Amino acid sequence: MRSIYTLIALLSFALIVESCGGPAKADKKTELKTSIKQMEDSIMAIQKDPVQAAKMPSLTNIELINRLLAYYRAYPEDSFSADCLFKVHIKYSDLQAYEQSVAYGDTLIQLFPNYANKDFLLESLASTYDVLIEPRDPEKVQYYYELLLKEKIKPTKRKDIEKRLKHIEMDFFEYSQYQMTGK
């Protein structure tokens, strides 16, 4: 009879440990992080050789995106998930999937408003809407640049963004021409 109570106690303890994110959950987290690191290392090794980099299939980057998203979905509030979303934003941009890139950039801003690389992310989003997404959306460009102005940025960058906002009606190429010629 005593062994039944011991067995029930052990099973209850195991259920509590599992539901609280015990060793199995920690192992899953470590496993996902390790798989991401391995994939990133593989991609970095390939990219060191321009010939190999040119041959690298998009599926390699998509596999990395899948691993990053698996971590984010499993641990949506974990700080490493913010880095995963940032990397997904960058990878989709690398793949010229700009709509997906900005979608994950927006998700990152919404879920992690104090993200460490927020200034870089906001500039990336503004540039994507300014140059890469067609038709160009000047309201989105303005929105992201205005968010960027709320961040701590260098005075020269602030001045450049303020100038850009004064001529938001111009697309990036028109604005570049204007900057060079003053016309």
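Ring pairs join Y71, Y75 and F80 into a cluster, where rings of Phe, Tyr and Trp (its six-membered ring) are taken to pair if their centres lie within 6.5 Å, with planes under 30 degrees apart counted as stacked, over 60 as edge-to-face and the rest as tilted. The model is a predicted one, in which local features need pLDDT of at least 70 and side-chain atom pairs count only at pLDDT 80 or more, whereas totals for chains, interfaces and linings use all residues. Residues are numbered from 1 along each chain as its sequence is written, and side-chain values use heavy atoms, with hydrogens and water left out.

F80 of this cluster also has K33 over the face of its ring, at 5.0 Å from the ring centre; a charge is said to sit over a ring if NZ of Lys or CZ of Arg is within 6 Å of the ring centre and within 35 degrees of the ring normal. An arrangement of this kind involves R164, which lies over the face of Y175 at 4.6 Å from the ring centre. A search of the whole structure finds 9 aromatic pairs. One pair is formed by Y143 and Y144, which is edge-to-face because the ring centres are 4.9 Å apart and the planes stand at 75°. Y143 counts as partly exposed, with 42% relative accessibility, while Y144 counts as buried at 1%; buried means under 20% relative accessible area, exposed over 50%, and partly exposed in between (1.4 Å probe, protein chains only).

The chain contains 10 helices and 0 strands, and from the N terminus on its elements run α-α-α-α-α-α-α-α-α-α. Helices (H or I, at least four residues) and strands (E, at least two) are DSSP runs, numbered from the N terminus. Of the 183 residues in the chain, 34% are buried. The chain exposes about 12,000 Å², of which carbon and sulfur atoms supply 57%, with accessible areas taken from the Shrake-Rupley method with a 1.4 Å probe and, for residues, only the protein chains shown counting as cover. Among contacts in the chain with a separation of 6 or more, 52% are accounted for by residues 24 or more positions apart, contact meaning heavy atoms within 4.5 Å.

The largest nonpolar core has 43 residues, and those with the most contacts inside it are I36, Y71, V88, L108, Y144, Y145 and I161. Such a core is a set of buried Ala, Val, Leu, Ile, Met, Phe, Trp, Tyr and Cys residues joined through side-chain atoms within 4.5 Å. Two or more residues are given to this core by each of α2 (23-47), α4 (58-74), α5 (79-94), α6 (98-111), α7 (118-132), α8 (138-149) and α9 (155-166), and α5 gives the most, with 7 residues. Y144, apart from residues up to four places away in sequence, touches D106, I109, L122, L125, A126 and Y129.

Two further buried residues were examined in helices α5 and α2. H89, found in helix α5, counts as buried at 0% relative accessibility; leaving aside neighbours within four places in sequence, H89 is in contact with S101, V102, Y104, G105, L121, S124 and L125. E40 lies in helix α2 and is buried, with a relative accessible area of 18%. With neighbours within four places in sequence again left aside, E40 is in contact with L64 and K87. The C-alpha atoms of E40 and L64 are separated by 7.1 Å, although these residues are 24 residues apart along the chain. The side chains of E40 and K87 are joined by a polar contact of 2.8 Å, that is, a pair of N or O atoms within 3.5 Å, of which, within protein, one must be able to donate a hydrogen and the other to accept it, residues adjacent in sequence counting only if both atoms are side-chain atoms.

Several backbone features were also found. Most residues other than glycine have a negative phi, and most peptide bonds are trans. Q96, a residue other than glycine, has a positive phi near 65°; Q96 is placed in the loop between α5 and α6 and counts as exposed, at 58% relative accessibility. The peptide bond from E134 to P135 is cis, with omega near 0°, and P135 is found in the loop between α7 and α8. At the start of helix α10 (residues 172-181), a side-chain oxygen of D171 reaches to within 2.9 Å of the backbone nitrogen of F173, and just after α10, G182 takes a positive phi of about 75°.
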